[in-house]
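Student: Could you take me through one part of this predicted model in detail? I would like a careful account of a single strand, its partners and what surrounds them.

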Amino acid sequence: DEIGQLAITFSEMEHNLRIDKLTSVFNRASLIAQIGFLRRQLAQKPGECPCFALLFVDLDHFKAINDHYGHGAGDKVLVTVATRLKESVRVTDVVARYGGDEFVVLLKGVTNVDDVTATENKIREIVEQPVRLDHGFVRVGVSIGWAMFPEDGEDVDTLLKIADQRMFDTKRSRKAAR
């Protein structure tokens, strides 16, 4: 019994280290570790195309939801967005909460920008659907930026920086279009 309980406790601790408590998607540290593992794994297979893309997803108008409806409503929106992100991508892809209202999606095996754009459009279409709260519905927009390995960079920091910059460019252009 003690060994079984110890194994369960260890498993729970491991889960808590890898998963965001609120949204039940991977956390930032787990995402970075998975990208590192993927890069090492692909490097050991010369001749194969070591391709993947990162999508940096930031919620538009999230602060207004928190301010107007409270943090409980904001948490519900984050949980809903995380679920919708997982529904928007393949089972083999990775969704992680990067922090606050930011998520990163790791698209494995992506070889061209058209695939990234198609996934970006699908995410936007699904995530931007109204979210039901206790007192009605709210809408949250998403600004998305992307980076592809190895074209845009070969290390995690560079890829995240490029995806983040493209996300801010998207956010700026979406604001200007209103």
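Tutor: Val57 of strand β2 stands opposite Phe103 in β4, and this pair is a convenient place to enter the sheet of the predicted model. The two strands concerned, β2 and β4 (residues 102–108), pair in the antiparallel sense, with seven bridges between them. β2 also pairs with β7 (residues 141–149), again running antiparallel, and here nine bridges join the two strands. Within that second pairing, Ala53 has Met148 of β7 as its bridge partner.

The surroundings of β2 can be read from its burial. Nine of the nine residues of the strand, which spans residues 52–60, are buried, so β2 is largely enclosed by the rest of the structure. In a regular strand, side chains alternate between the two faces of the sheet. In β2, Phe52, Leu54, Phe56, Asp58 and Asp60 point one way, while Ala53, Leu55, Val57 and Leu59 point the other way. Both sets are buried, the aspartates Asp58 and Asp60 included.

From β4 the path continues to β3 (residues 94–99), since a close look at β2 leaves its partner's other pairing to be described. β3 and β4 run antiparallel and are joined by five bridges, and one of the pairs can be named, with Val94 of β3 having Leu106 of β4 as its bridge partner. The two strands form a hairpin with two residues between them, and in the turn Gly100 has a positive phi of about 55 degrees. As for burial, five of the six residues of β3 are buried, so this strand, too, is largely enclosed by the rest of the structure. β3 also pairs with the short run β1 (residues 26–27), here in the parallel sense and through two bridges, and Asn27 stands opposite Arg97 of β3.

Between β2 and β3 in the numbering lie two helices that contact one another, α3 (residues 62–69) and α4 (residues 71–88). Their axes come within 6 Å and cross at roughly 140 degrees, which makes α3 oblique to α4, because only angles over 145 degrees would count as roughly antiparallel. On the α3 side the contact is made by Phe62, Ile65, Asn66 and Tyr69, and on the α4 side by His71, Ala73, Gly74, Val77 and Leu78. By residue class, this contact comprises six nonpolar and three polar residues, with no charged ones.

Notes:
Residues numbered from 1 in each chain as written. Predicted model: local features only at pLDDT ≥ 70, side-chain atom pairs only at ≥ 80, totals over all residues. Heavy atoms only, no water. Axes fitted to C-alpha atoms, helices over the stretch in contact; angles between N-to-C directions. Helix = DSSP H or I, 4+ residues; strand = E, 2+ residues; numbered from the N terminus. Parallel < 35°, antiparallel > 145°, perpendicular 65-115°, else oblique. Contact = heavy atoms within 4.5 Å. Nonpolar A, V, L, I, M, F, W, Y, C, P; charged D, E, K, R; others polar. Buried < 20%, exposed > 50% of the residue type's maximum accessible area, 1.4 Å probe, protein only. Pairing = 2+ DSSP bridges.
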